[in-house]
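Here are some notes to read with the model open beside you. Take the points one by one and find each spot as you go.

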Amino acid sequence: MTAAAVVPESAAAPRRLRRALPWVLLLLLLGVAQTLLLLLTVRYEATRAQDETELVVGEMASEIRGALLLAEQQLQALGWGPGPVDAWRAPAAELLKARRELRRLERRDNAQNVLEVQDSPYLPRLFMQMPRSALGLEAEAACGVARRAAAPTFSRSYFVPTAAGLGSEVMDLCVPVQLAGRSQGFVVGTFALTPLLEGALAVRPARRHEISFVEGDGTRLARAGPSRGASTYRAERIIDLPGAQLLLRADSSSAAPSVIPNLATALVLGLSLALFAVVLLLARDVRRRARAEEALAEALAFRQAMENSLVTGLRARDLAGAITYVNPAFCSMVGCSVQELKAEVPPYWPPEHLQAYQRRQAARMQGLATVARDPAEAREGFETVFMRQDGERFPVMVYEAPLVDGQGRHTGWMSAVVDLSAQRRVEDISRQQLDRLQATARLATVGEMASLLSHELNQPLAAIASYASGSMNLLADPDPDGATPGLLRQALERIAEQAERAGHVIKSVHDFVRRREQQHESLAAGALLESVLPLARLQARKSSTRIELDLPPPGAPPLRVRCDRTMLEQVLLNLARNGIQAMETATPLQDRVLTLRVRPGPPGRVAFSVIDAGAGVPPEVAERLFTPFFTTRAEGMGLGLSLCRTVIEQHGGTLEFGPGPLGVGTEFRFTLAAPKPAQSDETAASAMAA
Amino acid sequence: MTPALDPLLGIPVVYLVDDEDVVREALAWLLRSRRRLSEQFASADTFLSWLARQTAPTRPNWPASPACLVLDVRMPGTSGLALFEQVAERGLLPVLPVIFLTGHGDVPTAVAAVKRGAFDFVEKPFSNNALVDRIEQALQASAAELPPWRAGRLRDRALAELTEREREVMSRVVAGRPNKLIADELGISVRTVEVHRARIFEKMNVGSAVELANLLRLGGGHDGE
């Protein structure tokens with residue numbers, strides 16, 4: 001039977017829900033935490049990439065700016081050289097050689113007419129596809145500004161197409177040349193933007209970023225570095241130049257950080273998965289445990305119910321004899337609570353048996369091994385007496401078995417205790433019924449005999465009476481006829497006959513009694529006492545009286561008596577019962593001892609004594625003790641002792657009584673004849689003949 | 001001391017049924033000393049077979065004289081009580097009163113028998129003359145019952161001889177109906193009714209309708225419609 005089957009469905013569902021709730025919450029929190037962690041990791045990666053990009057663009061911007069400003073100064077220096085063209089040409093060529101980004105240098109006069117042109121030696125001339133004049137607008141504007149501000153000014157960048165459909169984005173730097181406050185013309189440098197970027201990259205390598213100049217709308221003017229990829233991370237920086245601005249942009253080549261290839265993320269993810277797995281395992285384990293617990297609780301409840309339903313008392317004791325466990329049946333049997341039972345001396349041990357029980361327990365402790373090895377003995381159990389809380393003694397049957405723990409060690413004793421008092425009561429009642437039945441049967445036999453006897457005697461007596469009455473009638477007849485004398489004779493003859501018949505009946509009764517005497521047999525005195533012992537014990541049990549047999553020591557010559565065994569047994573039983581009843585009321589429990597003693601008597605006789613420890617016989621009772629129909633008990637007939645005396649006298653002895661040998665109680669004594677050696681042989685012979 | 005019985009009724013007889021010979025014989029002897037005739041039976045069965053012969057249909061007049069049955073309750077074979085039941089069944093109890101002799105222990109049985117019509121019971125050991133006195137009283141009772149009982153017997157035998165039609169006519173005659181009415185009721189002629197009537201009177205041995213009615217009332221034994 002499972003718990004689910006026992007607990008109604010409606011009750012089971014909420015409980016399951018309640019138990020599942022923490023788990024669901026835990027999983028949820030774990031999920032949230034892991035997701036957050038993952039998100040944060042990814043975000044961190046992104047931020048890092050962005051930051052790097054920002055850094056790169058910043059560095060590049062300052063580098064480019066620095067480069068341009070340096071170029072500006074160099075151009076200024078170039079412009080200061082007065083005079084001859086040759087003197088200009090050489091430093092210009094040198095400058096072009098030194099700076100790759102500088103594609104062309106022009107000298108112009110104040111009217112912006114190009115006087116001298118020097119091209120970069122590294123690349124084809126810039127204005128081969130389109131003439132400079134077509135593309136001079138930006139330079140002119142810059143120079144205009146430069147003259148007005150009397151400072152170098154950059155133009156806006158513009159595209160110069162070159163051969164094969166290509167082209168490059170360039171910007172001009174116009175440096176006014178002044179000499180003693182007077183404008184002497186301009187030096188115009190044309191910078192290609194791409195080499196500018198490449199130059200910057202050469203100085204500060206940024207391998208994972210594409211650097212480009214872009215316009216406000218995002219159009220790329222020039223680029224350098226690796227291809228920009230998905231352009232997830234980008235940073236822009238404005239480079240402020242006199243007269244113009246350049247928008248520098250860095251695109252990180254790294255894509256948006258993906259989850260798996262990222263080591264940290266993978267680690268976190270892996271750990272999360274492991275965590276989930278562990279949680280799942282844990283949950284399963286907990287569920288298994290819960291199920292086991294449930295089964296255990298069920299088994300425990302089952303056992304508890306079983307123990308509580310038992311009528312048999314259960315008692316577990318450890319090896320020192322202390323009680324470790326009792327079931328309710330045991331508690332109710334002895335009427336003590338569990339706490340009271342934990343006392344050093346069990347409260348259910350009757351005080352009068354205390355020592356005997358302690359001895360027994362000590363013996364059991366010593367004989368541990370032997371008892372433990374013999375389960376058959378435990379099954380048989382032993383009978384003993386316990387005491388209830390209210391002092392009532394009751395017989396119990398105790399079955400003991402060794403308690404063995406999981407490691408196979410012997411840890412104590414488990415006893416099943418069965419209350420026998422009900423059984424005893426039934427036995428007592430049935431025994432009493434049997435007694436009554438026997439008494440009734442005896443009475444019935446006596447009645448039967450009386451009836452038979454009276455019938456046998458009645459007939460002749462009735463006949464005699466009839467003849468007598470008839471004779472009187474005849475004698476009184478005033479008018480006798482001739483037949484009267486004959487009738488009278490007949491009547492007298494009949495009367496004589498019947499009287500003789502009655503005499504025969506009486507004689508046959510005598511014969512019967514005599515025959516009974518011939519049934520005397522020779523037997524051992526001890527055997528006689530022992531044969532009444534079971535019945536006497538049965539009677540003694542109700543009042544917890546002990547019966548002790550006091551026989552001559554084993555070495556002494558055997559005592560034999562010659563008697564009617566049945567009658568003598570009856571006598572001994574009667575005396576024993578009297579003794580037991582004498583101790584029933586006033587004598588303390590521990591003093592209730594009845595002794596059956598046999599000793600050699602006067603020569604040729606054997607003395608028997610029945611000794612009780614009662615209050616003795618009061619003098620006024622003593623006088624009438626053997627009187628038939630005298631009794632001190634309500635239910636007694638007063639025939640017991642009288643019959644006993646008759647039987648003993650028939651056996652040639654006397655029944656006497658007096659105070660017990662120790663001064664307490666009463667002793668009943670009588671003697672029986674010991675068989676003569678020849679007589680016993682004769683008895684044996686006659687028994688064989690019979 | 002006891003009133004004499006009518007000698008015309010014949011010699012009274014006491015029947016003694018007891019298995020104990022000594023007691024029975026002594027009792028018979030005692031009765032003889034009181035001048036009473038007795039007949040002895042050692043068991044109920046012998047008495048029953050004898051009784052069966054006496055009361056055979058061919059001999060309707062038994063008992064011819066006052067009688068009394070003295071009966072031991074406890075006997076081997078048929079018990080006294082069973083015998084009593086047989087006597088009662090034959091309708092003889094009024095003319096054959098039964099006195100039980102009881103040992104101790106049989107008293108309740110005897111009391112029950114008395115309630116069912118036995119004359120009395122006497123406990124053993126009995127006082128002899130008291131028993132004889134009781135027997136005398138029983139004989140008196142029997143003598144008193146005998147004539148009407150015997151008349152009833154005769155009447156019953158006569159009734160048994162009537163034919164069915166005669167019986168029908170007789171019941172109407174006793175009811176006091178005139179012949180004419182009877183003839184109408186039975187659908188026969190008045191003449192026929194008269195013939196029936198004469199035959200009825202003859203068979204029943206009466207002279208008039210009144211006598212016939214008295215005879216039928218006797219003992220209440222008539223079982224007409």
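1. Let's start with Ser544(A), keeping in mind that this is a predicted model. Is Ser544(A) buried or exposed? Neither quite fits: Ser544(A) is partly exposed, because 17 other C-beta atoms lie within 10 Å, while a buried residue needs 20 or more and an exposed one has 12 or fewer. You'll find Ser544(A) in the loop between helix 14 and strand 17 of chain A. Its backbone is worth a look too, since phi is near 55°, a positive value in a residue other than glycine. Most residues other than glycine have a negative phi.

2. Ala150(A) also has a positive phi, about 50°, although it is not a glycine. Look for Ala150(A) in the loop between helix 4 (137-149) and strand 3 (153-154) of chain A. Ala150(A) counts as exposed because it has 11 C-beta neighbours inside 10 Å, and the cut-off for exposed is 12 or fewer.

3. Now go to helix 14 of chain A, which covers residues 525-541. Its 17 residues reach 24 Å from the first C-alpha to the last, close to the 24 Å expected at 1.5 Å a residue. Where does helix 14 of chain A bend? Check Leu533(A): the bend there is about 40°, and a proline, Pro534(A), follows within four residues.

4. Stay with helix 14 of chain A and pick out its buried residues: Ala525(A), Leu528(A), Leu529(A), Val532(A), Ala536(A), Gln539(A) and Ala540(A). What do they pack against? Their partners include helix 15 (565-583) and several strands of chain A, among them strand 16 (521-524), strand 17 (546-550) and strand 18 (560-563). Strand 19 (593-600) and strand 20 (605-611) of chain A are on the list as well.

5. Next, a sheet. Chain A has an open sheet of 5 strands in the order 12-11-15-14-13, with antiparallel pairing. Strand 12 (323-326) and strand 13 (382-387) of chain A each have a single partner strand, so one side of each is left without a neighbour in the sheet. On average, neighbouring strands of this sheet are turned by 35° against each other, direction ignored. To see one pairing up close, try strand 11 (residues 313-318) and strand 12 of chain A, which pair in the antiparallel sense over 3 bridges. There, Arg317(A) stands opposite Ile323(A) in strand 12 of chain A.

6. Hop over to chain B for a pair of helices. The axes of helix 6 (residues 164-174) and helix 8 (residues 190-204) of chain B come within 9 Å and cross at roughly 90°. These two helices of chain B are therefore roughly perpendicular to each other. Helix 6 of chain B brings residues including Val169(B), Met170(B) and Val173(B) to the meeting, and helix 8 of chain B brings residues including Val193(B), His196(B) and Ile200(B).

7. How do the two chains meet? In the model, 17 residues of chain A are in contact with 13 residues of chain B. On the chain A side, the elements that give two or more residues are helix 12 (421-476) and helix 13 (484-517). Helix 12 of chain A gives the most, with 13 residues.

8. Last, step back and look at chain A as a whole. Its secondary structure comes to 18 helices and 22 strands. Of its 690 residues, 26% count as buried. Among the contacts in chain A with a separation of 6 or more, 59% are between residues 24 or more positions apart.

Conventions:
Residues are numbered from 1 along each chain as its sequence is written. Chains are lettered from A and ligands numbered from 1 in the order in which they are written. This is a predicted model: local features need pLDDT of at least 70, side-chain atom pairs count only at pLDDT 80 or more; totals for chains, interfaces and linings use all residues. The expected span of a helix is 1.5 Å times one less than its number of residues. The bend at a residue is the angle between axes fitted to the seven residues ending there and the seven starting there. Two residues are in contact if their C-beta atoms, placed from the backbone, lie within 7 Å. Two strands pair if DSSP finds at least two bridges between them. Axes are lines fitted to C-alpha atoms, for helices over the stretch in contact, and angles run from 0 to 180 degrees between N-to-C directions. Angles under 35 degrees count as roughly parallel, over 145 as roughly antiparallel, 65 to 115 as roughly perpendicular and the rest as oblique.
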